[in-house]
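Got your viewer open and a selection box ready? Let's take a walk through this one, stop by stop.

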Amino acid sequence: MQFHHHGYVSGDPRISPAAGTGIDRPAELPDEVDVLIVGAGPAGMILGAQLSQFPGITTRLVERRPGRLAIGQADGIQARSVETFQAFGFAGRIIDEAYRITEMSFWAPDSADPTRIVRTDRPADDATGVSEFPHLIVNQARVLDYFAEVMAYSPSRMTPDYGLEFLGIEVADQGEYPVTVTVRESAGEREGQERTVRAKYVVGCDGARSGVRESIGRRLVGQSAAHAWAVMDTLAVTDFPDIRTKCAIQSQAGSILHIPREGGHLFRMYVDLGEVAADDHGAVRETTVETAIAKANRILHPYTLDVKDVAWYSVYEVGHRLTDKFDDVPAEDQGRTPRVFIAGDACHTHSAKAGQGMNVSMQDGFNLGWKLASVLSGRSPEALLSTYSAERQVIAKNLIDFDKEWSTLMAKKPEEFDDPKELGEFYVRTAEFPAGFMTQYPPSMLIGEATHQALAAGFPIGKRFKSALVVRVADGNPIHLGHHHRADGRWRLYAFPGVAAAGQGGEPAFAQWAEWLAVSPDSPVVAYTPTGTDRDSVFDVKVVYPQVHTEVDIATVPAIFLPRVGPFGLIDYEKVYAGAPGDAIHDQRGIDRRDGCVVVVRPDQYVAHVLPFTATTELAEFFAGNMLRLPVTAQ
């Protein structure tokens, strides 16, 4: 964490000085805003946290509830989400309070006595090391609390506007604030009063019954799986041996997905209630908690469950639904700029079995947040906003397809499996998908072609940047390279020189590239960094040398990697790295050791391009396609 570059900081360095919209922030919702977010769920809160870093942008978040969420429905936090938390600065703290999943047990009927269940498998949760971060379980309410803290500590001093219910939207053809939103006070002294707010952009993060979605004519299309589950967060005494291990339990009486919760005692059980009859008319949703507990005991036989307290209980039917588009642009008018967006459950719903609802929703918000900030800051053209629906709708479709298969397997009866280990093998085989790492965006104005992918095979273009250990040259500290990637809207340029650069400040191609990046009018750093701002305010440029850090002479490092920052022009020494001894990133990620390469990473941590140092024209053209040569005043 870097601070002091604007002067000595004696307090909590996580709290940024108020700036822009954060100075004398009005308590009342203003009449005009740049972005209005509807809904304080996972998608809305991460979107608000991202936009709060830009105090030149007026962002407000309205929520129907009168205050913070107390008990959240979601609890599974995949490793990709924890990587994202790192970008917002709270991964370490949430890991400390969460339950960590390291393995999963699978239980099935005993072949010797099918009335009893036995453990059939216990695979590791992440046997291949897909991420340095763990798979966690923590209440959704706490995740939202952390994002609320990020907003409150940001220069914008953002806080959600609770007690405001969305009623409707009107979108005009023109005007600076073309979207008019009607809201109603849902709590407090003014309950029932209505008012309107005008916005440049509106994002509906208001759940599966989204009013924003309905207002723009989008529909969730799909079907129910006609299968019901009871879910309960429980404190109980039991002799079931894996009560503190994630389990998939199948017996002659039905199935349970068992999830230990944070705190060492609480756990969640999804209890199979069976097929739902066509003429049920919602009766299954009236299943009592006592009925669910009795069913759980039958499934767990010969073990028993003595429930002492139920913190939360619900019944749901599995459904898979998706909208055809995540913005308000009609299919016949693709040239128009989107003005209204939907994210999270507002545009995709699925079962809770794969633990994806909150995770995918947050990635929706992360994807859209930096794009809105780039456009509203004048850094990028409005066309950038069309990439949100194009990228995220496909991901949601893939998720629903996966969830259909997983939830169907969870609902199968034991005798329907050819092998008792089939469910566990599917879990291991597909682990990378629910962990959040199969997302790969196709070529676009934000993703380059894979022409030079061989230069860094371990950084697939379009997939998230997988971090690795490096050593900071200035002080010898081992650092995960990707952990410096903050949710600040900046692009990352990682230079990986080849071995010919060892100790000499760079081979000719690398040295020429570094000089070009620093001074050429075509360099993205020169072309798009606003006058009067720090050299790294738009592009965070780092170098990772292939040799050990003691062999790198920092005096020979090109100046672009040692920028002057803050009002005192202090040197930033945290952009120069070397390979970790015995575990070099060049070898781990298949980086060309002779010639090296440049890896371009988007503000949301996805690899956008891999290029040789000689491809300065290609690098300039790539950014010319998604950025504007305009002065930027909003930071």
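What follows α2, and what is the sign of its phi? Select Gly89: this residue comes right after α2, and its phi is positive, near 90°.

Before moving on, some ground rules. This is a predicted model, where local features need pLDDT of at least 70, side-chain atom pairs count only at pLDDT 80 or more, and totals for chains, interfaces and linings use all residues. Residues are numbered from 1 along each chain as its sequence is written, and side-chain values use heavy atoms, with hydrogens and water left out. Helices (H or I, at least four residues) and strands (E, at least two) are DSSP runs, numbered from the N terminus.

**Stop 1: helix α2**

Step back from Gly89 and select residues 79-88, which make up helix α2. How many of its residues are buried? The count is 10 of 10, where buried means under 20% relative accessible area, exposed means over 50%, and partly exposed is in between (1.4 Å probe, protein chains only). The buried set includes charged names such as Arg80 and Glu83, along with Val82, Phe85 and Phe88. Now show what lies over them: the cover includes α1 (42-51), β3, α3 (91-97), β7, α4 (140-153) and α7 (357-376).

**Stop 2: a three-stranded sheet**

Two of those covering elements, β3 and β7, lead to the next selection. An open sheet of 3 strands runs in the order β3-β7-β4, with antiparallel pairing. At its edges stand β3 (76-77) and β4 (99-101), each with a single partner strand, so one side of each has no neighbour in the sheet. Strand β7 (residues 135-137) pairs with β4 over 3 bridges; for strands to count as paired, DSSP has to find at least two bridges between them. Pick Tyr99 and you'll find Ile137 of β7 opposite.

**Stop 3: strand β11 and its partners**

Select residues 194-204 for strand β11, then add β1 (32-38), which pairs with β11 in the parallel sense over 6 bridges. Leu36 has Val202 in β11 as its bridge partner. Next, add strand β10 (residues 179-185), which is antiparallel to β11, again with 6 bridges; here Val179 is matched with Ala199. Finish with strand β17 (residues 340-342), joined to β11 by 3 bridges and running parallel. Gly204 stands opposite Ile342 there.

**Stop 4: salt bridges**

Side chains of opposite charge can pair when their charged atoms come close. The whole structure has 50 salt bridges, each a side-chain nitrogen of Lys or Arg within 4 Å of a carboxyl oxygen of Asp or Glu. Here are some to click on:

- Arg122 and Glu103 meet at 2.7 Å, N to O. Arg122 lies in the loop between β6 (117-121) and β7, and Glu103 in the loop between β4 and β5 (104-109), so the pair ties together parts 19 residues apart in sequence. Arg122 is partly exposed at 35% relative accessibility, and Glu103 is partly exposed at 27%.
- Asp145 and Arg142 have their closest N and O atoms 3.0 Å apart. Both lie in helix α4, 3 residues apart, about one turn of the helix.
- Arg268 and Asp233 meet at 2.7 Å, N to O. Arg268 sits in strand β15 (residues 267-275) and Asp233 in strand β12 (residues 221-238), so this pair ties together parts that are 35 residues apart in sequence. Both residues are buried.
- For a group selection, try Asp488, Arg490, Arg492, Asp536, Asp540, Lys542, Asp572 and Lys575, which are linked in a network of salt bridges.

**Stop 5: a buried serine**

Is Ser255 buried or exposed? Ser255, in strand β14 (residues 254-260), is buried at 1% relative accessibility. Expand the selection by contact (heavy atoms within 4.5 Å). Leaving out residues up to four places away in sequence, Ser255 touches Trp229, Ile249, Gln250, Tyr270, Val271, Asp272, Ile299, Met410 and Lys412.

**Stop 6: cysteines**

How many disulfides does a search of the whole structure find? It finds 0, taking a disulfide as a pair of cysteine sulfur atoms within 2.5 Å. From Cys205, the nearest cysteine sulfur is that of Cys347, 8.4 Å away. Cys205 is buried at 8% relative accessible area, and Cys597 is buried at 0%.
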